[in-house]
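Before you open the model, here are some notes to read beside it, set out as numbered points for someone coming to it without background.

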Amino acid sequence: MKTKFAIMVLALFAVQAVSAQFRLGIKGGTNISKVDGVPFDDQFRYSYHVGGFSEIVLTKNKKLSFQPEVLFSQYSSTLDSNFKSVYQDFFQSEQSKVKLNYLSFPLLLNYKLIGPIYLQAGPAFSILLDENKKFLQNGADAFKKGDFSMIGGAQIRIANVYVTGRYVVGLNNINDVGDQSKWRNQAVQLSLGLSL
């Protein structure tokens, strides 16, 4: 499943590269993220993302473009003080920090608003690569292996430099422990990109 999805994304890049104007680039930045739901702390934590992107122009006036990305993205959160009472059969008390590492595939539409300012929106599909299991008894899985999110934000372009700010909200429940609470990823992503 993961391999088929990656092949489809690469095939899309190849087809569009032949028939349309496109750019390739690299990007990286910070994630200000949290896992929303009981028993997680409501504060945002800092982590990071890094990866690459392609931009494919869709209209002659260059107002609309498609920007697929491939990102390694980390989300951080902290369990709050009452997590042991809510999930007493699963969690150990000595560990409270959670780090989730995802391979994310944002598929964004860019609309040129005015001057160097672009609006962005679209879905993102993410595969969980690694989770910190130290806070779980017997190293069990607490999180589902995939996530689906929606993204909205803006981008400023100055020559080949892209400065982006956007909000990512998870739409599906990533809780794989039980049905006591729904867990969803949230993040503000601030990034700097370079078109090659």
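The points below take up the core, the ring contacts, the pocket and the cavities in turn.

1. Please keep in mind throughout that this is a predicted model, and that the values quoted here are computed from it.

2. I would begin with the largest nonpolar core, which has 14 residues, and in which Y75, L100, Y102, F143 and I174 touch the most other members. Strands β4 (97-114) and β5 (117-131) each supply at least two residues of this core, and β4 gives the most to it, with 4 residues.

3. The count of aromatic pairs comes to 4, and two of them deserve a closer reading. In one, the rings of Y48 and F72 have their centres 5.9 Å apart and their planes at 35 degrees, so this pair counts as tilted. Y48 belongs to strand β2 and F72 to strand β3 (residues 64-78), and the pair thereby links distant parts of the chain, 24 residues apart. Are these two residues buried, exposed or partly exposed? Y48 has a relative accessible area of 38% and is partly exposed, while F72, at 25% relative accessibility, also counts as partly exposed.

4. The other pair to look at is made by Y75 and Y102, whose ring centres lie 5.7 Å apart with the planes at 85 degrees, so the arrangement is edge-to-face. Because Y75 lies in strand β3 and Y102 in strand β4, this pair ties together parts that are 27 residues apart in sequence. Both Y75 and Y102 are buried, and both are among the residues that touch the most other members of the largest nonpolar core.

5. Turning to the largest pocket, about 230 Å³ of space lies in it, and its lining is made of Q21, F22, R23, E55, V57, K62, S65, K112, Y118, R157 and A159. By class, this lining has 4 nonpolar, 2 polar and 5 charged residues, and β1 (22-36) and β2 (45-57) each supply at least two residues of it. Two of the lining residues, Y118 and R157, are also in contact of another kind, since the charged end of R157 sits over the ring of Y118, 3.6 Å from its centre.

6. How many cavities of 30 Å³ or more does a search of the whole structure find? The search finds 2, and the largest has a volume of about 70 Å³. Its lining includes Y75, S149 and R166, and the elements that give two or more residues to it are β3, β4, β5, β6 (146-158) and β7 (161-170). Strand β3 gives the most, with 3 residues, and the lining as a whole divides into 6 nonpolar, 5 polar and 1 charged.

7. The second largest cavity has a volume of about 30 Å³, and among the residues that line it are K27, F53, E69 and Y162. Here β3, β7 and β8 each supply at least two residues, with β8 giving the most, at 3 residues. By class, this lining has 3 nonpolar, 5 polar and 2 charged residues.

8. Finally, I would point to N185, which is placed in strand β8 (residues 184-195) and is buried, with a relative accessible area of 1%. N185 and S149 are 36 residues apart in sequence, and their C-alpha atoms are 8.3 Å apart in space; S149 is also one of the residues lining the largest cavity.

Definitions and conventions:
Residues are numbered from 1 along each chain as its sequence is written. This is a predicted model: local features need pLDDT of at least 70, side-chain atom pairs count only at pLDDT 80 or more; totals for chains, interfaces and linings use all residues. Side-chain values use heavy atoms; hydrogens and water are left out. A nonpolar core is a set of buried Ala, Val, Leu, Ile, Met, Phe, Trp, Tyr and Cys residues joined through side-chain atoms within 4.5 Å. Buried means under 20% relative accessible area, exposed over 50%, partly exposed in between (1.4 Å probe, protein chains only). On a 1 Å grid over the protein atoms alone, a cavity is a set of points where a 1.4 Å probe fits but cannot get out, and a pocket is an open set with protein on both sides within 12 Å along at least five of seven lines; lining residues have an atom within 4 Å of a point. Grid points are joined across faces, edges and corners, and a volume is the space filled by probe spheres set on the points. Ala, Val, Leu, Ile, Met, Phe, Trp, Tyr, Cys and Pro count as nonpolar, Asp, Glu, Lys and Arg as charged, and the others, Gly among them, as polar. Rings of Phe, Tyr and Trp (its six-membered ring) pair if their centres lie within 6.5 Å; planes under 30 degrees apart count as stacked, over 60 as edge-to-face and the rest as tilted. A charge sits over a ring if NZ of Lys or CZ of Arg is within 6 Å of the ring centre and within 35 degrees of the ring normal.
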